[in-house]
Amino acid sequence: MTEHATDAGAPDGGRRGVLRAGAAVTATGIGAALGATLGGGLLAGCGSTGSGGTGSGGTGSGGTGNGRATGPARTTDPAGNGPPSSGAPSPGPAPRRFPGLPEQITHGPRDRPRVALTFHGQGDPATAEALLTEAEKAGAKVTVLAVGGWLDEHPGLARRILDGGHDLGNHTLRHLDINDMSEADAYAEITGCADRLRRLTGSVGTWFRPSRARTATPLVTRLAHRAGYPHVLSYDVDSLDFTSPGAPAVTRAIAAEVRAGSVVSLHFGYADTVAAFPDILQELERRGLRAVTTTELLT
């Protein structure tokens, strides 16, 4: 089953320079970061069944959420397999309400040269580390919607994402078809992931995105609100990277539809995404578009 229906304000000045470093990002560099992982095959991402996990809990809505966690240096391994830092880092940003925006957000303002690259967070942690590192080298920020079971397996990645200046959100606990679930089961999926995020970062994350669906049903939207998320994050550009069409096809799919304000759907755990990422960044730079967090896109 696929991921579809079947499945905060930086100045615009200097925006071309922000992603210019993307031109220097090479597929070879990403390949080196991954080592032999890609050659050994990647775990399935959002285009197939997700990993398991358990848990429940949620928090209230509100908060400002513009700041970034600035806790002590991380002591986890680069792939995020170790435990979180033993220090007391600042809580991660909380969800916030954007007055005037719909309950389900598909894109940001079309009059500012910004886009949000959003990643469904599951799969091989080496791909996550490589993509985050290359984004940071290019001065780009991304949004990661993490699966709760994935965080159970790789808890250090939650703080790694925040420490890189990226947004971190909720993509349900087990990555099942949440729109087809009962109210109780769907709520447990949302709050289960929220509980993981809160335990690891002190916050339930800034965003909620439904699993196995581009948009949430009215019921799931209400449940997300109850769990503390004022908005559901959708997207207007689908890279289709989870179908493994080849890196050039991933880049073409984005280039064909991306424009100012776009929210782009991408995935960790897929070799095509890793290989396409340098070209994606270069295409954004060529168009004068700046990759920012979703929070920044909407602020």
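**Exercise 1. Find which residues line the largest cavity, and sort them by class.**

Start with the list: the largest cavity is lined by G92, P93, L162, L168, L197, T201, S203, G205 and T206. Keep in mind that this is a predicted model.

Next, sort them. The lining has four nonpolar, five polar and no charged residues; for this tally Gly counts as polar.

Then add the volume, which comes to about 40 Å³.

Now do the second largest cavity, at about 30 Å³. Its lining consists of P95, R96, T206, W207, F208, Y229, P230 and H231. Here the classes split into five nonpolar, two polar and one charged. Look for a name that turns up in both linings: T206 does.

**Exercise 2. Take helix α5 and work out how covered it is, and by what.**

First, count. Of the eight residues in α5 (156–163), seven are buried. Buried here means under 20% relative accessible area.

Second, name them: G156, L157, A158, R159, R160, I161 and L162. Two arginines, R159 and R160, are in that list. L162 also shows up in the lining of the largest cavity.

Third, ask what does the covering. The neighbours include α3 (125–137), β3 (143–146), α4 (148–153), β4 (167–170) and α6 (183–201).

Last, step just past the helix end: G165 has a positive phi of about 85°.

**Exercise 3. Locate two residues other than glycine with a positive phi, and say whether each is buried or exposed.**

Some background before you hunt: most residues other than glycine have a negative phi.

One hit is T172, with phi near 75°. T172 sits in the loop between β4 and α6. Its relative accessible area is 0%, so T172 is buried.

Another is R212, where phi is near 60°. You'll find R212 in the loop between α6 and α7 (218–227). With a relative accessible area of 4%, R212 counts as buried too.

**Exercise 4. Trace the strand pairing around β3, and decide what happens on its two faces.**

Begin with the faces. In a regular strand the side chains alternate between the two faces of the sheet. In β3, T143 and L145 point one way, V144 and A146 the other, and all of them are buried.

Go on to the partners. β3 pairs with β2 (114–121) in the parallel sense over four bridges, and V144 is the bridge partner of F119. β3 also pairs with β4, again parallel and over four bridges; there, L145 is matched with G169.

Now add the helix: β2, α3 and β3 form a right-handed β-α-β unit.

Finish in the loop between α3 and β3, which holds A138. A138 is buried because its relative accessible area is 0%. For a long-range link, pair A138 with L281: they are 143 residues apart in sequence, yet their C-alpha atoms are 7.8 Å apart.

**Exercise 5. Show how β7 is enclosed, and which strands pair with it.**

Count first. Five of the five residues of β7 are buried, so the strand is largely enclosed by the rest of the structure.

Check both sides next. V263, S265 and H267 are on one face, V264 and L266 on the other, and both faces are covered.

Then the pairing. β2 runs parallel to β7 over five bridges, with T118 facing S265 as its bridge partner. β6 (237–238) is parallel to β7 as well, over two bridges, and D238 has S265 as its bridge partner. Put the two pairs together and S265 is the partner of both T118 and D238.

Now bring in α8 (247–257). β6, α8 and β7 make a right-handed β-α-β unit. The buried residues of α8 are A247, A249, V250, T251, I254 and A255. To interpret such a list, recall that residues three or four places apart in an α-helix point the same way. What covers the buried residues of α8 includes the two strands of that unit, β6 and β7, along with α9 (271–286).

Note on methods: Residues numbered from 1 in each chain as written. Predicted model: local features only at pLDDT ≥ 70, side-chain atom pairs only at ≥ 80, totals over all residues. Heavy atoms only, no water. Buried < 20%, exposed > 50% of the residue type's maximum accessible area, 1.4 Å probe, protein only. Contact = heavy atoms within 4.5 Å. 1 Å grid on protein atoms, 1.4 Å probe; cavity = no way out; pocket = protein on both sides within 12 Å on 5 of 7 lines; lining within 4 Å. Points joined across faces, edges and corners; volume = space filled by probe spheres on them. Pairing = 2+ DSSP bridges. Right-handed = clockwise from strand over helix to strand, strands pointing away.
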